[in-house]
Amino acid sequence: MHPDSTSRNYTTVAITAKPTTTATSTSTTTTTTATTSTTTTTATTTTSTTTTTMTTTTTVLTEAPFPCSSCPKVYDPACMGFGNPSIFDWCPKAADVGVTYFLGAVAALPFLPYDSCSTTIVCPPGTTPRINLFGSSIPAPTPATLAYCEETGPDAGKWMTGVPPFNFELSTLTCKNVVSG
């Protein structure tokens, strides 16, 4: 021992630490976010409708306006069209022939009054022009038959064909089928 030294008593205290238990708690927080997902399922049903339209073209022939007043129509109104009344005895309707009436001077017959009503009949294939004279039918003198009617004067309302003085009165004009029974 050293003289300067004081004796000292040392107590050795052993500090023993109490065992510490460290609990490491791993906390897993599961956050469930409830997302309400609305799934809209649109079911598109495509209905394919096929419409078949059958187009039928019907041609209806009509007569041109009638400009005359004192003169009646001269084309035979009894004509009923192809095959009527029979396949052997028929005549086309005025609209099928294309009968057109004119009011005024007739260029082919300049000596007629200016207010004459006229028509020229040109028959379609398979038919021939016929002139009806008081119930009898005779062939027309030409393929294109001109008929005229005076609107005024002593012969007003009478249909004629031919050139004066070789003209004659007729009751009707007709395109008659070529083969008749």
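Helices and strands are here taken as DSSP runs, a helix having at least four residues and a strand at least two, and they are numbered from the N terminus. In this predicted model, the order along the sequence is α-β-β-β-β-β-β-β-β. That comes to 1 helix and 8 strands. The protein has 181 residues, and 26% of them are buried. Among contacts with a separation of 6 or more, 61% are between residues 24 or more positions apart.

The strands can be followed sheet by sheet. One open sheet has 5 strands, in the order S1-S2-S5-S6-S7, and its pairing is antiparallel. Strand S1 (102-103) and strand S7 (168-170) are at the edges with a single partner strand each, so one side of each has no neighbour in the sheet. Within this sheet, S5 and strand S6 (residues 159-161) run antiparallel and are joined by 3 bridges. Across this pair, cysteine 149 stands opposite tryptophan 159 in S6.

Another open sheet has 3 strands in the order S4-S3-S8, again with antiparallel pairing. Its edges are strand S4 (136-139) and strand S8 (172-177); each has a single partner strand, so one side of each is left without a neighbour in the sheet. From one strand to the next, the twist averages 40°. Strand S3 (residues 127-133) is joined to S8 by 6 bridges, and S3 pairs with S4 over 4 bridges. Isoleucine 131 shows both pairings: its bridge partner in S8 is leucine 173, and in S4 it stands opposite isoleucine 138. S3 and S4 also form a hairpin with 2 residues between them. In the turn, phenylalanine 134 has a positive phi of about 50°.

Leucine 173 leads from the sheet to the interior. In soluble globular proteins, nonpolar side chains tend to be buried together. The largest nonpolar core here has 21 residues, and those with the most contacts inside it are Tyr75, Val99, Tyr101, Cys117, Ile121, Trp159 and Leu173. Helix H1 (94-97), strand S2 (116-122), S5 and S8 are the elements that give two or more residues to this core. Apart from it lies another core, of 5 residues, including Val106, Leu109, Leu112 and Tyr148. Leaving aside neighbours within four places in sequence, leucine 173 is in contact with Val74, Tyr75, Asp76, Ile121, Arg130, Ile131, Thr145 and Ala147.

Charged residues come next. Side chains of opposite charge can pair when their charged atoms come close. How many salt bridges does a search of the whole structure find? There are 2. One joins lysine 176 to aspartate 89, with the closest N and O atoms 2.4 Å apart. Lysine 176 belongs to strand S8 and aspartate 89 to the segment before H1, so this pair ties together parts that are 87 residues apart in sequence. Lysine 176 is partly exposed, with a relative accessible area of 24%, and aspartate 89 is also partly exposed, at 34%.

A salt bridge is also formed by the side chains of lysine 158 and aspartate 155, at 3.7 Å from N to O. Lysine 158 has a relative accessible area of 33% and counts as partly exposed. For aspartate 155 the value is 32%, again partly exposed.

Does glutamate 150 count as buried or exposed? Glutamate 150, in strand S5 (residues 144-150), is buried and has no salt bridge. The nearest side chain of opposite charge is that of lysine 158, 9.5 Å away. A salt bridge requires a side-chain nitrogen of Lys or Arg within 4 Å of a carboxyl oxygen of Asp or Glu. Beyond its neighbours within four places in sequence, glutamate 150 is in contact with residues including Cys71, Leu112, Asp155, Gly157 and Lys158.

The segment before H1 holds two further points to look at. Serine 70 lies in that segment and is partly exposed, with a relative accessibility of 38%. Its C-alpha atom is 5.2 Å from that of glycine 157, although the two residues are 87 apart along the chain. Not counting residues up to four places away in sequence, serine 70 touches Glu151 and Gly157. Proline 85 is also found in the segment before H1. The peptide bond leading to proline 85 from asparagine 84 is cis, with omega near 10°.

Key:
Residues numbered from 1 in each chain as written. Predicted model: local features only at pLDDT ≥ 70, side-chain atom pairs only at ≥ 80, totals over all residues. Heavy atoms only, no water. Buried < 20%, exposed > 50% of the residue type's maximum accessible area, 1.4 Å probe, protein only. Lys, Arg positive; Asp, Glu negative; His and termini not counted. Contact = heavy atoms within 4.5 Å. Pairing = 2+ DSSP bridges. Axes fitted to C-alpha atoms, helices over the stretch in contact; angles between N-to-C directions. Core = buried A, V, L, I, M, F, W, Y, C linked by side-chain atoms within 4.5 Å.
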